Each structure stands twice: as C-alpha cells, then as structure tokens.
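Here are my notes on this one, written as numbered points so you can follow along in the viewer. I start with the helix and work outwards from there.

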Amino acid sequence: MVRTKKLKSCDYCHQLVNLRYRIQYDESNKWYQVCPNCWNVLAKDNPFYRYGGTWKAK
C-alpha cells in the first residue's frame, strides 16, 4: 500500500506544505500554522512572536 504525505495549507500564504510551525505573531494571541518561509518573515523582530511547536507530514 502506497501512502502519500498529507500536505496542509499555511495559514498565512495558503501554500500546501509538509512542514508548519505553530506560532503567534500578533496581539490577538491566536495560534497560526505557518510554513518555514512565512515563519522567517513573521518571527523577525516581532515583539508578539511566540513559538508553539512543529507539525510534520507523515
């Protein structure tokens, strides 16, 4: 049986990815699942940034 990876959408750019980071990046304290590219942009010099874990496709 061949298994395919379950890709998920980045909450910021909406690209399908196999790796996402759970972060907070604004004052709403809401958690977002973002791809590595968006993570780099959103975390840099952001006083609201908070890391909450990593999701990997299986």
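1. Start with helix H1, residues 36–43: H1 lies across E3 and E4 and runs at about 25 degrees to E3. Keep in mind that this is a predicted model.

2. Now the overall layout. The protein has one helix and five strands, and from the N terminus on the order reads β-β-β-β-α-β. Along the principal axes, the C-alpha atoms fill a box of roughly 45 × 15 × 15 Å.

3. Next, the sheet that H1 packs on. Three strands make an open sheet, ordered E4-E3-E5, with antiparallel pairing. E4 and E5 are the edge strands, each pairing on one side only. On average, neighbouring strands here are turned by 30 degrees against each other, ignoring direction. As a reminder, strands of a sheet pair through backbone hydrogen bonds, either parallel or antiparallel.

4. How many bridges join E3 to E5? Five, linking E3 (residues 19–24) with E5 (residues 50–56) in an antiparallel arrangement. If you want to check the register, Leu19 has Lys56 in E5 as its bridge partner, and Tyr21 stands opposite Thr54 in E5.

5. On the other side, E3 pairs with E4 (residues 32–34), also in the antiparallel sense, over three bridges. A handy marker for that pairing is Ile23, whose bridge partner in E4 is Tyr32.

6. Then the interior. The largest nonpolar core has ten residues, namely Cys10, Val17, Tyr21, Ile23, Tyr25, Tyr32, Val34, Cys35, Cys38 and Leu42. At least two residues of this core come from each of E3, E4 and H1. Ile23 and Tyr32, the bridge partners from the previous point, are both in the core.

7. Tyr21 deserves a click of its own. Besides being a core member and standing opposite Thr54, Tyr21 touches Tyr32, Gln33, Val34, Cys35, Pro36, Trp39, Tyr51, Gly53 and Thr54, leaving aside residues up to four places away in sequence. Among those neighbours, Tyr32, Val34 and Cys35 are listed in the core as well.

8. Finally, some whole-chain numbers. Of the 58 residues, 26% count as buried. The accessible surface comes to about 4,600 Å², and 50% of that belongs to carbon and sulfur atoms. Among contacts with a separation of 6 or more, 41% are between residues 24 or more positions apart.

Terms used: Residues numbered from 1 in each chain as written. Predicted model: local features only at pLDDT ≥ 70, side-chain atom pairs only at ≥ 80, totals over all residues. Heavy atoms only, no water. Pairing = 2+ DSSP bridges. Helix = DSSP H or I, 4+ residues; strand = E, 2+ residues; numbered from the N terminus. Axes fitted to C-alpha atoms, helices over the stretch in contact; angles between N-to-C directions. Contact = heavy atoms within 4.5 Å. Core = buried A, V, L, I, M, F, W, Y, C linked by side-chain atoms within 4.5 Å. Buried < 20%, exposed > 50% of the residue type's maximum accessible area, 1.4 Å probe, protein only. Areas by Shrake-Rupley, 256 points an atom, 1.4 Å probe, with all protein chains shown as cover.
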